[in-house]
Amino acid sequence: MASGTVKQVRIAGIASAVPERVRTLEDDAQIFGATEIERISQNIGVRKRHVASASTCTSDLCYAAADRLLKDLGWEQESIDAVIFVSQTPDYFMPATACVLQDRLGLSRGCAAFDVNQGCAGYVYGLWIGSQLARGGCGRVLVLVGDTMSRLVAPRDRTVTSLFGDAGTATALEFSAGAANMHFEFGTDGSGRGCLVVPAGAFRQPHSPQTSERVEQSGGNFRSAEDVFMDGGEVFTFVLREVPRLVQSILTAAERTVTDIDAFVFHQANRFMLGHLTKRLRLPPERVAIGLTDYGNTSSASIPLAITTELRESLAPARQRLLLAGFGAGFAWGAAVLECGPVCLPPVIIVADESRSA
């Protein structure tokens, strides 16, 4: 596995933002029926989630999170040396959304800005790259991570409709001589790329009237080639094969054991999967963050969103040792063991529809 240790970088703050629109089980029951939706909800552990309107992009959510975080930290825009946008739902094919956010946030023209295309492992990737930059000469770095997966979901596809929510997050990193080491590990198995995918709409299979037509698939679900497809069974097998090994490996690299970790924050895939990981790794359930009940699976944003919702009271005033693990589309995975706190953690920000706020 790719691995490394980053020294002398601290997390100064994390902020999360979600759209104001909420979709509930009752909304989904109007399509699939109450009994079917209750069965799905019992399995995945999601009761509601925030979903973006057609006029709200991931960058709008990340902007709201970053703007609030910079104000709460008292950081001047001119002090940010790099901004990284991690997402699989960018504003455009080109240019990079990070460039859009550099301008919108009023950051310096001397600021480096680039995108990273990663899904559910994206937060750990962003922390790794951002901390390397902060250690390597960029004193302060913003890592903006989020997705609007609901806009890729076919409303009559029961395999994903009640699962995905939307969120954008901002994490502030800075060089700090006294900061504890951060340990990272990563891996990839691209043979699983077809198991969680939007097949059409880019350059391999460009948009056409045929690719956008929603037709009946197996199980009575309706989906087009431009909607997200997830083979839940294969994803589950991948996670149980790779993530326990990943967690054990990063603990060894960090010279820690389960008892040394204050909180485990996994990608919030679904409650069923998180329960299996908890049992397989013999983790204390009370130290495994579960933050998807009211937000759903928010893809790359799920780890920082779970930190802001589930660890705010403990992490804002005190130092904790965390183990983070992201895994998903690709197949890609990554984990980190790090210490942070006291840290700036504003309450979750609710973002009005762009059409209403304009």
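## A briefing on two sheets, their helices and a pocket

The second largest pocket in this structure has a volume of about 180 Å³. Please keep in mind that the model is predicted. Below you will find the pocket lining, then a six-stranded sheet, a five-stranded sheet, and two residues seen up close.

**The second largest pocket**

- Residues lining the second largest pocket include Arg 23, Arg 49, Val 51 and Ala 52.
- The lining also takes in Ser 150, Arg 151, Val 153, Pro 155, Val 160, Thr 161 and Phe 164.
- By residue class, this lining is made up of six nonpolar, two polar and three charged residues.

**The six-stranded sheet**

- This open sheet is mixed in its pairing, and its strands follow the order β6-β5-β7-β8-β2-β17.
- The edges are held by β6 (112–116) and β17 (349–351); each has a single partner strand, so one side of each is left without a neighbour in the sheet.
- On average, neighbouring strands here are turned by 20° against each other, direction ignored.
- Strands of a sheet pair through backbone hydrogen bonds, in either the parallel or the antiparallel sense.
- β2 (residues 9–19) runs parallel to β17, and three bridges join them; Pro 19 is found opposite Val 351 of β17.
- β5 and β7 are also parallel, with five bridges between them, and Val 83 has Leu 142 in β7 as its bridge partner.
- β7 and β8 pair in the antiparallel sense over nine bridges; here Arg 140 has Glu 174 in β8 as its bridge partner.
- Eight of the nine residues of β7 are buried, so this strand is largely enclosed by the rest of the structure.

**Helices across the six-stranded sheet**

- Helix α3 (residues 58–73) lies across β2, β5 (82–86), β7 (140–148), β8 (166–175) and β17. The helix α3 runs at about 40° to β8.
- Helix α4 (residues 97–104) lies across β5, β6 and β7, and runs at about 140° to β6.

**The five-stranded sheet**

- Five strands make up another open sheet with mixed pairing, in the order β1-β9-β16-β15-β14.
- Its edge strands, β1 (2–6) and β14, each pair on one side only.
- From one strand to the next, the twist averages 15°.
- Six bridges link β9 (residues 182–188) and β16 (residues 332–340) in the antiparallel sense, with Phe 186 opposite Gly 334 in β16.
- Helix α5 (residues 122–135) packs on this sheet, where it touches β1, β9, β15 (320–328) and β16. The direction of α5 makes about 130° with that of β9.

**Two residues up close**

- Gln 268 sits in the loop that connects β14 (263–266) and α7 (271–280).
- With a relative accessibility of 1%, Gln 268 falls under the 20% cut-off and therefore counts as buried.
- Leaving aside residues up to four places away in sequence, Gln 268 touches Leu 274, Ala 289, Ile 290, Gly 291, Leu 292, Asn 297, Ser 302 and Ala 306.
- One of these contacts, Ile 290, is 22 residues from Gln 268 along the chain, and their C-alpha atoms are separated by 7.1 Å.
- Cys 99 belongs to helix α4, and at a relative accessible area of 37% Cys 99 is partly exposed.
- Cys 99 and Cys 111 are twelve residues apart along the chain, with 9.5 Å separating their C-alpha atoms.

Notes
Residues are numbered from 1 along each chain as its sequence is written. This is a predicted model: local features need pLDDT of at least 70, side-chain atom pairs count only at pLDDT 80 or more; totals for chains, interfaces and linings use all residues. Side-chain values use heavy atoms; hydrogens and water are left out. On a 1 Å grid over the protein atoms alone, a cavity is a set of points where a 1.4 Å probe fits but cannot get out, and a pocket is an open set with protein on both sides within 12 Å along at least five of seven lines; lining residues have an atom within 4 Å of a point. Grid points are joined across faces, edges and corners, and a volume is the space filled by probe spheres set on the points. Ala, Val, Leu, Ile, Met, Phe, Trp, Tyr, Cys and Pro count as nonpolar, Asp, Glu, Lys and Arg as charged, and the others, Gly among them, as polar. Two strands pair if DSSP finds at least two bridges between them. Helices (H or I, at least four residues) and strands (E, at least two) are DSSP runs, numbered from the N terminus. Axes are lines fitted to C-alpha atoms, for helices over the stretch in contact, and angles run from 0 to 180 degrees between N-to-C directions. Contact means heavy atoms within 4.5 Å. Buried means under 20% relative accessible area, exposed over 50%, partly exposed in between (1.4 Å probe, protein chains only).
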